[in-house]
Amino acid sequence: MCKDTKKNLVGQPIFSQIVKLLPRDKFQKLVNHYQSDRYYKTFFSWEHLVTMLYGVFSRCDSMGELCDSMRALGGNLNYLGLDRSPAKSTAGDALRDRPNELFRDFYLLLLEHFEPILSVSRIADVRFDKFYAFDSTTISLFSQVMQGVGRNRKDDGKKKGGLKVHMLTDAHSDSAKFAKISEAKRHDKNFLQDLVLPTSSMVVFDKAYNDYDQFAQWSQKRVWFVTRMKKNAVRETQDVMFKRTLEKTESGVCLDEHIHLFYKKKKIAKTLCLRKVDYRDEKGREYQFLTNNWDITAEEVALLYKKRWSIELVFKKLKQNFQLHFFWSDTENGIKSQVWATLIAHLLINVLKRKTKSDKAFSTIAALIRMHLPTHLDLTWLITESRRTYSKKRPRNKSPVTIQQELF
């Protein structure tokens, strides 16, 4: 065997091939809407976006490291529409002043732009075409720019800041449909007010999001949900539809009942009609699920909630493969802009993985892109192949005796 030395080179570096996926004309419309290039003589919005994406993909820890790294690219910057690497102070000022809503709206626009590519997969054992999961993840900040969660410290020390990324994902394709960034102290259930869900869709979420008045509105609009019941929920059983006693080693549904849940909204007593399913898993853990759908089986209720774990994997990919431990700005606007750039980078890798139909792990693709950003390898080849291959030579039909004679 001999090593295959064929090189899959193209005219532009890897990073330039990734940036070409972005619809620049649509981004320019947002720039005109926010007038984000007003009063800027250099370092316009597109250059700002490209700079942040380079820093996200290369996992730069600081703005100085990011600018110095881009300066080392030299002539390759012209492929990205940049004349030169931005100065550290210029990039820092733009992070502070340029509205993060520009990058937020561009991310939401990209979700719609790439939907035909991402929405091709489907979970086989889920009957709902529109199946969503939502949750939030907390990112700690070493400053009080955005207020963190938890109690105030007893000593004179300051409580660290933090932000929350609230995200709605399509469980079929593991891709985001909506995202919102807030201070970590904001309660999760307030996120429900920002969601616009289609009729006949199914959403799953944790009990931290329980908002009974919102549940009532969803029931009227035929938006279905599955969540867990809080221990302090005031309820009354109306009808027991199924009940059985499980052995210690058994798992499955043990109770399915129709309940009325009582709550108050603006000091007005209200009643909500729901379905409660008690379930024990293989590890002996017991769950109490709530749903407003009466057509699915009790086993499906437990299965749908189990699929909620897909959004936890999305957060895991974000935190493990991108730099969300160090931020390039100490302002709230700059921090949010970096998070939106990270979400855009995460979306682009998902798009590349789907377009190339690669079986490589997300972390592997992210690492390959990080290591080869300035190289001129073909992006598709890098993702689908990029392994050392050997070409087979025609074997010689020699007997062991002949081989021994040749050696001696």
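How much space lies in the largest pocket? The answer is about 470 Å³. Before I go further, I should state that the structure under discussion is a predicted model.

Let me stay with the pocket for a moment. Its lining is made up of 15 residues, and those closest to the centre of the pocket are Asp281, Arg285, Tyr287, Ala302 and Lys306. Two elements, strand 10 (286-291) and helix 9 (298-306), each contribute at least two residues to this lining. Helix 9 has the largest share, with five residues. As to the chemical character of the lining of the largest pocket, eight residues are charged, seven are nonpolar, and no residue is polar.

I turn now to the enclosed spaces. The structure contains four cavities of 30 Å³ or more. In the largest cavity there is about 50 Å³ of space. Which residues line the largest cavity? They are Thr137, Ile139, Val165, Leu318, Lys319, Leu324, Val339, Thr342 and Leu343. At least two residues of this lining come from each of strand 2 (131-141), helix 10 (309-321) and helix 11. Helix 11 gives the most, namely three residues. By class, the lining of the largest cavity comprises six nonpolar residues, two polar residues and one charged residue.

Helix 11 leads to my third topic, the packing of helices. In general, two packed helices are described by the angle between their axes and the distance between the axes. Here the pair of interest is helix 6, residues 101-113, and helix 11, residues 332-356. Their axes lie 9 Å apart, and the helices pack at an angle of about 20°. Angles under 35 degrees count as roughly parallel, and helix 6 is therefore roughly parallel to helix 11. The crossing of helix 6 past helix 11 is left-handed.

Which residues meet where these two helices pack? Helix 6 brings Phe103, Arg104, Phe106, Tyr107, Leu110 and Leu111 to the contact, and helix 11 brings Ser337, Trp340, Leu343, Ile344 and Leu347. Divided by class, this contact has nine nonpolar residues, one polar residue and one charged residue.

One residue links the last two topics. Leu343 belongs to the lining of the largest cavity, and Leu343 of helix 11 is also among the residues that meet helix 6.

To conclude, I would set the two linings side by side. The lining of the largest pocket has eight charged residues and no polar ones, whereas the lining of the largest cavity has one charged residue and two polar ones. Thank you for your attention.

Terms used. Residues are numbered from 1 along each chain as its sequence is written. This is a predicted model: local features need pLDDT of at least 70, side-chain atom pairs count only at pLDDT 80 or more; totals for chains, interfaces and linings use all residues. Side-chain values use heavy atoms; hydrogens and water are left out. On a 1 Å grid over the protein atoms alone, a cavity is a set of points where a 1.4 Å probe fits but cannot get out, and a pocket is an open set with protein on both sides within 12 Å along at least five of seven lines; lining residues have an atom within 4 Å of a point. Grid points are joined across faces, edges and corners, and a volume is the space filled by probe spheres set on the points. Helices (H or I, at least four residues) and strands (E, at least two) are DSSP runs, numbered from the N terminus. Ala, Val, Leu, Ile, Met, Phe, Trp, Tyr, Cys and Pro count as nonpolar, Asp, Glu, Lys and Arg as charged, and the others, Gly among them, as polar. Axes are lines fitted to C-alpha atoms, for helices over the stretch in contact, and angles run from 0 to 180 degrees between N-to-C directions. Angles under 35 degrees count as roughly parallel, over 145 as roughly antiparallel, 65 to 115 as roughly perpendicular and the rest as oblique. A crossing is left-handed if the near helix is turned anticlockwise from the far one by less than a right angle, and right-handed if clockwise. Contact means heavy atoms within 4.5 Å.
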